[in-house]
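Trainee: I should like a close look at one part of this model, taken residue by residue. Please begin with a single histidine and work outwards from its surroundings.

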Amino acid sequence: MSTTSLPEVWLRGAVDGYPAELQPVVHALLQAQEDAEATLAPLAVDQIWAMPAEAASIGFHARHLAGALDRLFTYARGQALSEAQIVYMKAEGAPGDPPADAAELVGLVRSGITAALGQVRGTAVSELATPRAVGRKQLPTTVLGLLFHGAEHCTRHAGQMITTAKLVRMQYIGPKSSLDEA
């Protein structure tokens, strides 16, 4: 069934297997996945990596969505980032050789969100207020703060993908006019 005919994920009810306290995290992650997949699917590689008005590319937002989620959830587990995570972070905006296409980026987003959902499922409600620290400065937060911010950050980048895709399509086909609707 197409998700375009469904209400947003948060209006579809509770997702089985997750406590009520974490449903907003789950809903946001699933919504970001649906939005990212729908945005990426019809795009050609050159559209994915275009940077209209020097804005970040759709490809960057897809890679950053998955990478930032992984990093934030690493902190939620009380772990430091690995060298591989740091290397990935520094390369998020690079298209690759050959440049990543829609299928590859959809797979990356799905994989990142699936891993995050697994971690959310395994997080006990009693752990949510556990203190955590972020980054080299060891800024204070909690497990819940990191889970929530990871989900919110995903929705932010999925939204940026949607907006950038609209700009990119305008560059390729031109703006719609009122005559197009007549």
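Mentor: H153 is buried, because its relative accessible area of 12% falls under the 20% limit for that class. In this predicted model, H153 sits in helix α6, which comprises residues 143-173. Apart from neighbours within four places in sequence, H153 is in contact with H64, A68 and L72.

Two of these partners lead directly to a second residue. E92 is also in contact with H64 and A68, and its list further holds W49, G59, F60, R63, G67 and R71, again leaving aside neighbours within four places in sequence. E92 belongs to the loop between α4 and α5. With a relative accessibility of 2%, E92 counts as buried, since the limit for that class is under 20%. Its side chain is engaged in a polar contact with the side chain of R71, at 2.9 Å.

R71 connects this loop residue with a packing of helices. In the meeting of α3 and α4, R71 is joined on the α3 side by R63, A66, G67, D70 and T74, while α4 contributes Q85, Y88 and M89. By class, the residues of this contact comprise 3 nonpolar, 3 polar and 3 charged. The axes of α3 and α4 come within 10 Å and cross at roughly 150 degrees. The two helices are therefore roughly antiparallel, as angles over 145 degrees are placed in that class. The crossing of α3 and α4 is left-handed.

W49, another partner of E92, deserves its own description. W49 lies in the loop between α2 and α3 and counts as buried, at 12% relative accessibility. Beyond its neighbours within four places in sequence, W49 is in contact with S57, G59, F60, R63, E92, G93, A94, P95, P99, A100 and L105. G59, F60 and R63 thus appear on the lists of both W49 and E92. The C-alpha atom of W49 is also 9.6 Å from that of V168, although the two residues are 119 places apart along the chain.

The loop that holds W49 also contains A53, placed between α2 (45-48) and α3 (58-76). A53 has a positive phi of about 55 degrees although it is not a glycine. In contrast to the buried W49, A53 counts as exposed, at 81% relative accessibility.

The loop of E92 has a feature of its own. P98 lies there, between α4 (83-90) and α5 (102-121), and the peptide bond from D97 to P98 is cis, with omega near 5 degrees.

L105, one of the partners of W49, leads on to another helix pair. The axes of α1 (residues 23-40) and α5 come within 10 Å and cross at roughly 175 degrees. α1 and α5 are therefore roughly antiparallel. On the α1 side the contact involves V25, V26, L29, L30, A32, Q33, A36, E37 and L40; on the α5 side it involves A102, L105, V106, V109, R110, I113, A116, L117 and V120. These residues divide into 15 nonpolar, 1 polar and 2 charged. L105 therefore takes part both in the contact list of W49 and in the packing of α5 against α1, where angles over 145 degrees define the antiparallel class.

Note on methods
Residues are numbered from 1 along each chain as its sequence is written. This is a predicted model: local features need pLDDT of at least 70, side-chain atom pairs count only at pLDDT 80 or more; totals for chains, interfaces and linings use all residues. Side-chain values use heavy atoms; hydrogens and water are left out. Helices (H or I, at least four residues) and strands (E, at least two) are DSSP runs, numbered from the N terminus. Buried means under 20% relative accessible area, exposed over 50%, partly exposed in between (1.4 Å probe, protein chains only). Axes are lines fitted to C-alpha atoms, for helices over the stretch in contact, and angles run from 0 to 180 degrees between N-to-C directions. Angles under 35 degrees count as roughly parallel, over 145 as roughly antiparallel, 65 to 115 as roughly perpendicular and the rest as oblique. Contact means heavy atoms within 4.5 Å. Ala, Val, Leu, Ile, Met, Phe, Trp, Tyr, Cys and Pro count as nonpolar, Asp, Glu, Lys and Arg as charged, and the others, Gly among them, as polar. A polar contact is a pair of N or O atoms within 3.5 Å; within protein, one must be able to donate a hydrogen and the other to accept it, and residues adjacent in sequence count only if both atoms are side-chain atoms. A crossing is left-handed if the near helix is turned anticlockwise from the far one by less than a right angle, and right-handed if clockwise.
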